[in-house]
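Biologist: Can you put the model up? I have some questions about it.

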Protein chains: 2
Amino acid sequence: MAANILLVEDEPAIQELVAVNLVRAGHQVLRAGDAETALRLVREALPDLVLVDWMLPGMNGVELARRLRADERTRSVPIIMLTARGEEQDKITGLETGADDYVTKPFSPRELVARIKAVLRRQRPQATDDIVEIGGLQLDPSTHRVTAGELPINLGPTEFRLLHFLMTHPERVHSRAQLLDQVWGDHVFVEERTVDVHIRRLRGALEATQHDRLVQTVRGSGYRLSADLGVAPALGVE
Amino acid sequence: MAANILLVEDEPAIQELVAVNLVRAGHQVLRAGDAETALRLVREALPDLVLVDWMLPGMNGVELARRLRADERTRSVPIIMLTARGEEQDKITGLETGADDYVTKPFSPRELVARIKAVLRRQRPQATDDIVEIGGLQLDPSTHRVTAGELPINLGPTEFRLLHFLMTHPERVHSRAQLLDQVWGDHVFVEERTVDVHIRRLRGALEATQHDRLVQTVRGSGYRLSADLGVAPALGVE
DNA sequence: CGCTGCCGTGACGCTTTTGTGACAGCGTTC
DNA sequence: GAACGCTGTCACAAAAGCGTCACGGCAGCG
């Protein structure tokens with residue numbers, strides 16, 4: 001996991017409590033006591049997630065969330081709202097503002113951490129540090145290593161990201177445009193056929209252990225990663 | 001999903017709020033602050049769906065809907081009305097005017113997105129990526145896979161689209177012209193008999209598992225997909 | 001019972017899409 | 001500053017799929 005999290009909470013005791021738990025779960029924690037500071041920090045540090053207390057002095061959590069959503073640069077940062085019991089009726093408003101999830105106090109650290117993980121995974125599954133495994137292929141994001149069974153596989157940075165994305169979104173067919181968005185970033189300008197070339201390089205690296213079969217071409221649509229080779233076991237049809 | 005949506009809303013804050021949520025759900029959003037602009041944009045951009053606030057300055061939402069329905073070119077564009085609580089009594093009027101659905105404020109983004117999906121699904125079932133299943137035949141658009149029972153079926157892009165369309169519009173008979181419109185696109189120029197050939201290829205691919213029986217010829221009219229074979233099988237053994 | 005359209009089917013060029021090897025640019029390393 | 005690793009793009013080769021046609025069978029009809 002290891003995400004950068006911005007915690008926005010005015011009550012020092014609670015702030016400390018939550019922060020400790022986040023750190024314990026392996027996250028980096030930035031803190032803000034009010035919405036203005038929070039806004040500044042989000043722009044400066046671009047955290048992976050913002051945890052906002054519903055009640056804040058001055059600008060409240062909803063307003064903060066709304067502002068984050070209004071700004072191009074901060075729009076995609078996921079938000080989790082913290083709210084006290086009894087404020088449940090505001091849940092709808094909270095979600096309307098664009099919060100991704102919503103946790104009621106008092107909450108267990110376990111629950112909070114779980115929700116955070118869930119939101120991060122939903123946002124960018126390949127941003128987690130979980131080891132992914134498919135069809136005997138293993139990829140470990142934290143050590144940046146790929147192994148096929150026991151054999152290590154060497155990949156360039158792009159091939160690594162490509163494989164990581166495919167492994168975190170298996171089965172699904174991805175168009176070249178989608179892959180460019182997700183792996184290269186939606187701002188870069190490269191030819192779609194470049195994807196083909198990197199797929200080729202990826203296959204080349206996986207060839208030694210036959211794992212190149214996992215990378216499948218779907219003619220007219222794009223590429224797919226799947227352990228299911230989709231071949232009928234020798235039905236005598238020509 | 002990923003639809004083009006025209007949002008008609010005069011209140012900037014709400015407009016922004018809704019737009020953000022639509023974008024997050026993967027839609028393209030066009031915006032209009034008044035009915036006149038909306039009318040123009042609908043003609044120019046031909047969105048997949050129009051989201052209209054009930055209360056608008058000048059021409060109100062109902063009137064806008066009526067006009068959209070009156071014009072040949074915009075008639076088929078689905079409309080969803082946004083309305084404040086307390087205007088419920090007008091619901092009937094709204095639906096009468098031709099709105100396809102109706103969402104009361106305050107609404108959760110989740111609900112709104114769900115309604116949109118529902119309306120789009122009704123409109124163009126094959127535009128969703130829901131798995132379709134008929135007579136033991138399964139088609140999964142997101143993985144681009146077709147299976148008959150357990151066995152995988154290999155189809156070319158055109159056969160895949162053809163089958164997808166037939167499966168999302170079963171029972172009904174489709175003329176060759178309709179199939180060309182829906183599967184090939186209404187602008188291409190190909191012989192009608194080409195449809196026959198692709199039907200043939202589709203049947204060929206389904207032959208191995210007997211599922212070719214689902215694809216039926218209606219002499220003089222076109223083709224139909226149906227789990228009901230319409231004939232008494234000679235012997236009930238399969 | 002023979003005609004007349006309609007449909008199934010196999011074959012065949014052609015176009016489009018994808019695989020592949022080569023290469024020049026670039027930033028880093030040694 | 002030479003060598004290296006990685007990247008994006010190209011041109012060409014290979015493959016796959018597409019649309020059309022011609023032939024033949026068959027249904028419906030008089």
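Modeller: We can go through the DNA strands, then a sheet, a helix and a single residue.

Modeller: Keep in mind that this is a predicted model.

Biologist: Noted. Start with DNA strand C: how many residues surround it, and which are the closest?

Modeller: DNA strand C has 22 residues around it. The closest are R200(A), Y223(A), R200(B), T217(B) and G220(B).

Biologist: What share of the strand C atoms within 4 Å of the protein is sugar and phosphate?

Modeller: Sugar and phosphate make up 59% of the atoms of DNA strand C that come within 4 Å of the protein.

Biologist: Which polar atom of G220(B) is 2.6 Å from a phosphate oxygen there, side-chain or backbone?

Modeller: A backbone one: a polar backbone atom of G220(B) is 2.6 Å from a phosphate oxygen of DNA strand C. For R200(A), a polar side-chain atom lies 2.4 Å from a phosphate oxygen of that strand.

Biologist: And what does R193(A) lie 2.8 Å from?

Modeller: A base nitrogen of DNA strand C, with a polar side-chain atom of R193(A) at that distance.

Biologist: Which elements supply the surface near strand C?

Modeller: In chain A, α8 (193-206) and β11 (215-218) each supply at least two residues, and so do α8 and β11 of chain B. By class, the residues of that surface divide into 14 charged, 4 polar and 4 nonpolar.

Biologist: Now strand D. How do its surrounding residues divide by class?

Modeller: The surface near DNA strand D has 8 nonpolar, 6 polar and 7 charged residues. The strand is surrounded by 21 residues, the closest being T158(A), H198(A), R201(A), T158(B) and R201(B). Helices α6 (157-168) and α8 of chain A, together with α6 and α8 of chain B, each supply at least two residues of this surface.

Biologist: What does H198(A) reach?

Modeller: A polar side-chain atom of H198(A) lies 2.5 Å from a phosphate oxygen of DNA strand D. A polar backbone atom of E191(A) is 2.7 Å from a phosphate oxygen of DNA strand D. For E159(A), an N or O atom in the side chain is 3.2 Å from a phosphate oxygen of that strand.

Biologist: Back to β11 in chain B. In what order do the strands of its sheet run?

Modeller: The order is β10-β12-β11 in chain B, an open sheet of 3 strands with antiparallel pairing. β10 and β11 (215-218) each have a single partner strand, so one side of each is left without a neighbour in the sheet.

Biologist: How many bridges join β11(B) to β12?

Modeller: There are 4 bridges between β11(B) and β12 (residues 222-225) of chain B. T217(B) stands opposite Y223(B) in β12(B). Helix α8 (residues 193-207) of chain B lies across β11 and β12 of chain B, at about 145 degrees to β11(B).

Biologist: Different spot: where is H169(B), and is it buried or exposed?

Modeller: H169(B) is in the loop between α6 (157-168) and β10 (173-174) of chain B. H169(B) counts as buried because its relative accessibility is 17%, and the cut-off is under 20%. Leaving aside neighbours within four places in sequence, H169(B) is in contact with P125(B), Q126(B) and H174(B).

Biologist: Last one: what do the buried residues of α2(A) pack against?

Modeller: They pack against β1 (4-8), β2 (28-32), β3 (49-53) and α3 (61-70) of chain A. The buried residues of α2 (residues 35-45) are A35(A), A38(A), L39(A), L41(A) and V42(A). At the start of α2(A), a side-chain oxygen of D34(A) comes within 3.0 Å of the backbone nitrogen of E36(A). Just after α2(A), L46(A) has a positive phi of about 40 degrees.

Technical notes:
Residues are numbered from 1 along each chain as its sequence is written. Chains are lettered from A and ligands numbered from 1 in the order in which they are written. This is a predicted model: local features need pLDDT of at least 70, side-chain atom pairs count only at pLDDT 80 or more; totals for chains, interfaces and linings use all residues. Side-chain values use heavy atoms; hydrogens and water are left out. Buried means under 20% relative accessible area, exposed over 50%, partly exposed in between (1.4 Å probe, protein chains only). Contact means heavy atoms within 4.5 Å. Two strands pair if DSSP finds at least two bridges between them. Axes are lines fitted to C-alpha atoms, for helices over the stretch in contact, and angles run from 0 to 180 degrees between N-to-C directions. A residue is near a molecule or strand if one of its heavy atoms lies within 4 Å of it. A polar contact is a pair of N or O atoms within 3.5 Å; within protein, one must be able to donate a hydrogen and the other to accept it, and residues adjacent in sequence count only if both atoms are side-chain atoms. Ala, Val, Leu, Ile, Met, Phe, Trp, Tyr, Cys and Pro count as nonpolar, Asp, Glu, Lys and Arg as charged, and the others, Gly among them, as polar.
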